[in-house]
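Here are my comments on the model, set out as numbered points. Please read them with the coordinates open.

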Amino acid sequence: MLDFNDIALFVEVVRCGSFAEAGRRMGMAPNTLSRRIQGLEQALGTRLLQRSTRKLVLTAAGEQFHGRCVEAVDTLGSAGVDLSMGSQEIAGLVRIAAPADFFHFFETEWVAEFLEQHPKLRLDFILSDAKADLIGDRIDVAFRGGQPQDSAYVGRQILPSGYGGLFASPAYLAARGTPESLQQLGQHEGVCFSQQGGSASWSLVGPDGVDVRVEVATRFSGNTIQALRRAALAGLGIALLPSAIARHDLATGALLPVLPMYRRPGRGMHVLYPSRRHLPLAAAAVIDLVTERLNAALQRHDESPP
């Protein structure tokens with residue numbers, strides 16, 4: 001079986017006109033080059049070069065073989081250079097897995113600015129709360145809330161743990177009143193994650209740092225944060241939401257804080273990628289973008305209750 005490396009050596013020897021010059025360019029001893037070409041000739045069953053003390057001359061078979069190989073060798077060499085250069089440029093396609101509500105707290109304007117800065121880059125977002133198979137789904141980068149559970153991937157925290165709080169719409173509070181204690185929450189409707197039965201519980205941390213668990217009645221439940229947020233906006237009850245998710249609605253007055261002295265510690269955000277080695281420059285740039293933008297947003301919008 002022919003060795004492509006030996007064919008490439010043969011093309012370089014012909015280009016240089018001598019084993020000595022080819023060896024100098026390639027950092028290889030001339031006698032090693034000569035043995036490699038001899039091995040290629042044995043594999044082909046024909047002589048490619050006539051050797052003399054002063055020069056190398058292609059045989060008829062060698063000239064024909066060189067003519068067939070030189071373009072392919074140069075093409076593959078150019079492809080390698082292009083790939084190497086591409087690894088030093090923010091370009092190509094990056095597939096990104098992120099939570100379903102990712103673009104509620106990560107502004108699409110930030111993505112637009114990033115793509116404008118890097119016109120050769122393409123981004124493909126796969127938004128889902130399901131666990132992503134980075135290898136099987138060809139995911140370059142995955143952003144997930146909380147501590148990663150899959151040790152097969154490289155992971156690190158990019159966003160510190162924030163806080164969540166209780167929120168409700170002005171219409172709901174006007175109709176049902178604003179609770180002033182945890183005990184009064186029992187008289188209200190809770191908007192909670194899906195579960196069996198007609199009640200749910202919230203784990204909160206009080207002003208004294210003590211954990212408390214509150215049982216609430218619920219007539220509306222859902223399996224995503226966005227479902228709970230929209231239900232709260234519609235006046236269906238009080239929702240326990242991450243502050244980052246509620247900050248826009250708080251700023252516009254669409255949601256109001258309820259018992260702001262009680263909070264729930266958040267889970268932060270982590271980034272996952274398949275391997276620590278050879279992380280593409282474009283994927284690293286996306287990680288930097290998300291990290292910098294979200295941390296800057298946290299600094300502008302303090303996570304403490306209003």
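**Notes on the predicted model**

1. Start with a loop. Q183 sits in the loop between α7 (170–176) and β8 (189–193). The model is predicted, and in it Q183 has a relative accessibility of 65%, so this residue counts as exposed. Which residue lies 32 places from Q183 in sequence, yet 9.4 Å away in space, C-alpha to C-alpha? That residue is E215.

2. Next, the sheet. Five strands make up an open sheet with mixed pairing. The strand order is β4-β3-β5-β14-β6. Which strands stand at the edges? They are β4 and β6 (154–159). Each has a single partner strand, so one side of each has no neighbour in the sheet. From one strand to the next, the twist averages 25°.

3. Strand β3 (residues 92–98) deserves its own point. Is β3 largely enclosed or left open by the rest of the structure? Five of its seven residues are buried, so β3 is largely enclosed. On one side, β3 pairs with strand β4 (residues 121–127), in the parallel sense, over seven bridges. G92 has L121 of β4 as its bridge partner. β3 also runs parallel to strand β5 (residues 141–145), joined by two bridges. Here I96 is bridged to V141 of β5.

4. Now the aromatic rings. A pair of aromatic rings is described by the distance of the centres and the angle of the planes. The count is seven aromatic pairs. In the pair F10 and F65, the ring centres are 5.7 Å apart and the planes stand at 45°, so this pair is tilted. F10 belongs to helix α1 (residues 4–16) and F65 to helix α4 (residues 60–86), so the pair ties together parts that are 55 residues apart in sequence. Both rings belong to buried residues: F10 has 0% relative accessibility, and F65 has 16%.

5. A second pair has another geometry to check. Are the rings of F102 and F106 stacked or tilted? Their centres are 5.0 Å apart and their planes are at 20°, so they count as stacked. The cut-off for stacking is planes under 30 degrees apart. F102 is buried, at a relative accessible area of 0%. F106 is buried too, at 1%. Ring pairs also link F102 and F106 into a cluster with F103, W110, F125 and F143.

6. The core comes next. In soluble globular proteins, nonpolar side chains tend to be buried together. The largest nonpolar core has 39 residues. Which of them touch the most other members? They are F106, F143, L241 and L294. Helix α10 (residues 281–300) gives this core its largest share, nine residues. F106 and F143 are also members of the ring cluster.

7. L241 is worth a closer look. Leaving aside neighbours within four places in sequence, which residues does L241 contact? They are G164, G165, F167, I225, L228, R229, A246 and L255. One of these partners, A246, is among the buried residues of helix α9 (residues 243–252). The others buried in α9 are S243, I245, R247 and D249. Just after α9 comes G253, with a positive phi of about 85°.

8. Two residues other than glycine also have positive phi and should be inspected. R138 has phi near 55°. R138 is in the loop between β4 and β5. Is R138 buried or exposed? At 57% relative accessibility, R138 counts as exposed. L259 is not a glycine either, and its phi is positive, at about 45°. L259 lies in the loop between β12 (256–258) and β13 (264–265). At 5% relative accessibility, L259 counts as buried.

9. Last, the cysteines. How many disulfides does the structure hold? The count is zero. C69 is buried, with a relative accessible area of 11%. C192 is buried as well, with a relative accessible area of 3%.

Note on methods
Residues are numbered from 1 along each chain as its sequence is written. This is a predicted model: local features need pLDDT of at least 70, side-chain atom pairs count only at pLDDT 80 or more; totals for chains, interfaces and linings use all residues. Side-chain values use heavy atoms; hydrogens and water are left out. A disulfide is a pair of cysteine sulfur atoms within 2.5 Å. Buried means under 20% relative accessible area, exposed over 50%, partly exposed in between (1.4 Å probe, protein chains only). Helices (H or I, at least four residues) and strands (E, at least two) are DSSP runs, numbered from the N terminus. Two strands pair if DSSP finds at least two bridges between them. Rings of Phe, Tyr and Trp (its six-membered ring) pair if their centres lie within 6.5 Å; planes under 30 degrees apart count as stacked, over 60 as edge-to-face and the rest as tilted. A nonpolar core is a set of buried Ala, Val, Leu, Ile, Met, Phe, Trp, Tyr and Cys residues joined through side-chain atoms within 4.5 Å. Contact means heavy atoms within 4.5 Å. Axes are lines fitted to C-alpha atoms, for helices over the stretch in contact, and angles run from 0 to 180 degrees between N-to-C directions.
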